[in-house]
Amino acid sequence: MSPTEIALLTKILAGAGIVFIIAYVGNLISFSNRFVNALVTALVFAVVYSGLFFLVDRTMLPPELQAISQEAYLRMIAASAGLVFLLDLVANVFSFSNRLVNALVTAALFVVLFGYLSYATLAS
């Protein structure tokens, strides 16, 4: 694997871990409402992941990927938060009766979709 692919995989797996923890916390905070649960999860994810993304990219990514513009950075964070919102909403439909399973389903869906989108973006 190339350094770029390793950095991308690290980012996706770190994002999945963050999504799992945040989805679980979101379930604890607002478990009575599926929409609010997904919204809380997406907003907290956007704040936490944007900070980590900025810190990790400055230390781990190859130089050609470190130079993305601030606009592209914000678009990526907004797209990721929107994706987490939709994934958590779908996970709530499939597994709303159990908080832990709901968070696991959200994280698994995140890995699949965010991984595909990140790889497709990198390949183009």
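**View 1. Ile6 and the nonpolar surface patch of the predicted model.** Ile6 counts as partly exposed, because its relative accessibility is 42%, and this residue lies in helix H1. In this predicted model, Ile6 belongs to a nonpolar patch on the surface that also includes Met1, Leu9, Leu13, Val111, Val112 and Leu113. Together, the residues of the patch have about 650 Å² of accessible area, and the elements that give two or more residues to the patch are H1 and H5.

**View 2. The whole chain and the confidence of its prediction.** The protein chain has five helices and zero strands, so that, read from the N terminus on, its elements run α-α-α-α-α. Of the 124 residues in the chain, 39% are buried, while the chain exposes about 7,000 Å², of which carbon and sulfur atoms supply 74%. When contacts between residues at least 6 apart in sequence are considered, 72% of them join residues at least 24 apart. The mean pLDDT of the chain is 80, with 84% of its residues reaching 70 or more. Confidence is lowest in helix H3, residues 63-66, where the mean is 64, and highest in H1, where the mean is 83.

**View 3. The largest nonpolar core, with Phe45 among its residues.** The largest nonpolar core has 18 residues, and those with the most contacts inside this core are Phe45, Tyr49, Ile77, Phe110 and Phe114. At least two residues of the core are supplied by each of helix H1 (3-29), helix H2 (34-60), helix H4 (70-95) and helix H5 (99-123). Once its neighbours within four places in sequence are left aside, Phe45 is in contact with Gly15, Ile18, Val19, Ile22, Ser50, Ser80, Ala81, Val84 and Phe110. As general background, nonpolar side chains in soluble globular proteins tend to be buried together.

**View 4. Ser80 and the aromatic residues that it touches.** Ser80 is found in helix H4, and this serine counts as buried because its relative accessible area is 2%, whereas the cut-off for a buried residue is under 20%. Not counting residues up to four places away in sequence, Ser80 touches Phe45, Tyr49 and Phe114, and these three residues are among those with the most contacts inside the largest nonpolar core.

**View 5. Val40 in helix H2 and its contacts.** Val40 lies in helix H2 and counts as partly exposed, because its relative accessibility is 22% and the buried class is confined to values under 20%. With neighbours within four places in sequence left aside, Val40 is in contact with Gly26 and Ser30. Val40 and Ala23 are separated by 17 residues in sequence, and their C-alpha atoms are 8.4 Å apart in space.

**View 6. Leu89 in helix H4 and its contacts.** Leu89 is found in helix H4, where this leucine counts as partly exposed at 27% relative accessibility. Leu89 touches Arg34, Phe35 and Ala38, residues up to four places away in sequence not being counted. Leu89 and Val36 lie 53 residues apart in sequence, and the distance between them in space, taken from C-alpha to C-alpha, is 9.3 Å.

Definitions and conventions
Residues numbered from 1 in each chain as written. Heavy atoms only, no water. Helix = DSSP H or I, 4+ residues; strand = E, 2+ residues; numbered from the N terminus. Buried < 20%, exposed > 50% of the residue type's maximum accessible area, 1.4 Å probe, protein only. Contact = heavy atoms within 4.5 Å. Areas by Shrake-Rupley, 256 points an atom, 1.4 Å probe, with all protein chains shown as cover. Core = buried A, V, L, I, M, F, W, Y, C linked by side-chain atoms within 4.5 Å. Patch = residues over 30% accessible without salt bridge, like charges linked within 9 Å, V, L, I, M, F, W, Y side chains within 5 Å. Salt bridge = Lys/Arg side-chain N within 4 Å of Asp/Glu carboxyl O. pLDDT = per-residue confidence, 0-100.
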